[in-house]
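Thanks for coming. I will go through one structure today, from the whole chain down to single residues. Please have the model open.

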Amino acid sequence: MADEEPVDQKKYLEESCKPKCVKPLLEYQACVKRIQGDESGHKHCTGQYFDYWSCVDKCVAPRLLPKLK
């Protein structure tokens, strides 16, 4: 058992949490569509991107931490 490669549970938990974060994902995708034509490079969707991953992380954390002990 010591020779087995550890499995990253976070990836699996993230996939199960993504459907719970549809609203932030849609907001991010809408932002990306809005700024597609921006040639200046000044517009970005960083806030929406972090909002989406924050939602996923908040869902994952309580389920992941007990598995790390």
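**Surface, shape and core**

I start with the surface. The exposed area of the chain is about 5700 Å², and carbon and sulfur atoms supply 56% of it. Keep in mind that this is a predicted model.

On charge, there are 12 positive and 11 negative side chains, and the centres of these two sets are 9 Å apart.

Next, the fold. The chain has three helices and zero strands, so the pattern along the sequence reads α-α-α. With a radius of gyration of 17 Å, well over the 11 Å that the globule rule gives for 69 residues, the chain is more spread out than a compact globule. Along the principal axes, the C-alpha atoms fill a box of roughly 55 × 25 × 15 Å.

How much of the chain is buried? Buried residues make up 17% of the 69 residues. As for contacts with a separation of 6 or more, 72% of them join residues 24 or more positions apart.

Now the core. In soluble globular proteins, nonpolar side chains tend to be buried together. Here the largest nonpolar core has eight residues, namely L13, C17, C21, Y52, V56, C59, V60 and L64. Helices α1, residues 9-17, and α3, residues 46-68, each supply at least two residues of this core. The largest share, five residues, comes from α3.

Two residues are worth a look in this context. Take C59, a member of that core. Leaving aside neighbours within four places in sequence, C59 is in contact with C17 and K20.

Then there is E14, in helix α1. Is E14 buried or exposed? The relative accessible area of E14 is 13%, and the cut-off for buried is under 20%, so E14 counts as buried. Which residues does E14 touch, not counting those up to four places away in sequence? The answer is W53, V56, D57 and V60. Of these partners, V56 and V60 are among the core residues listed before.

Last, V32, which lies in helix α2, residues 22-34. V32 has 29% relative accessibility and therefore counts as partly exposed. V32 and P66 are 34 residues apart in sequence, and from C-alpha to C-alpha they are 36 Å apart in space.

To sum up, this is a chain of three helices that is more spread out than a compact globule, and its largest nonpolar core draws five residues from α3. I will take questions now.

Terms used:
Residues numbered from 1 in each chain as written. Predicted model: local features only at pLDDT ≥ 70, side-chain atom pairs only at ≥ 80, totals over all residues. Heavy atoms only, no water. Helix = DSSP H or I, 4+ residues; strand = E, 2+ residues; numbered from the N terminus. Buried < 20%, exposed > 50% of the residue type's maximum accessible area, 1.4 Å probe, protein only. Rg over C-alpha atoms; globule rule 2.2 N^0.38 Å. Contact = heavy atoms within 4.5 Å. Areas by Shrake-Rupley, 256 points an atom, 1.4 Å probe, with all protein chains shown as cover. Lys, Arg positive; Asp, Glu negative; His and termini not counted. Charge placed at Lys NZ, Arg CZ, Asp CG, Glu CD. Core = buried A, V, L, I, M, F, W, Y, C linked by side-chain atoms within 4.5 Å.
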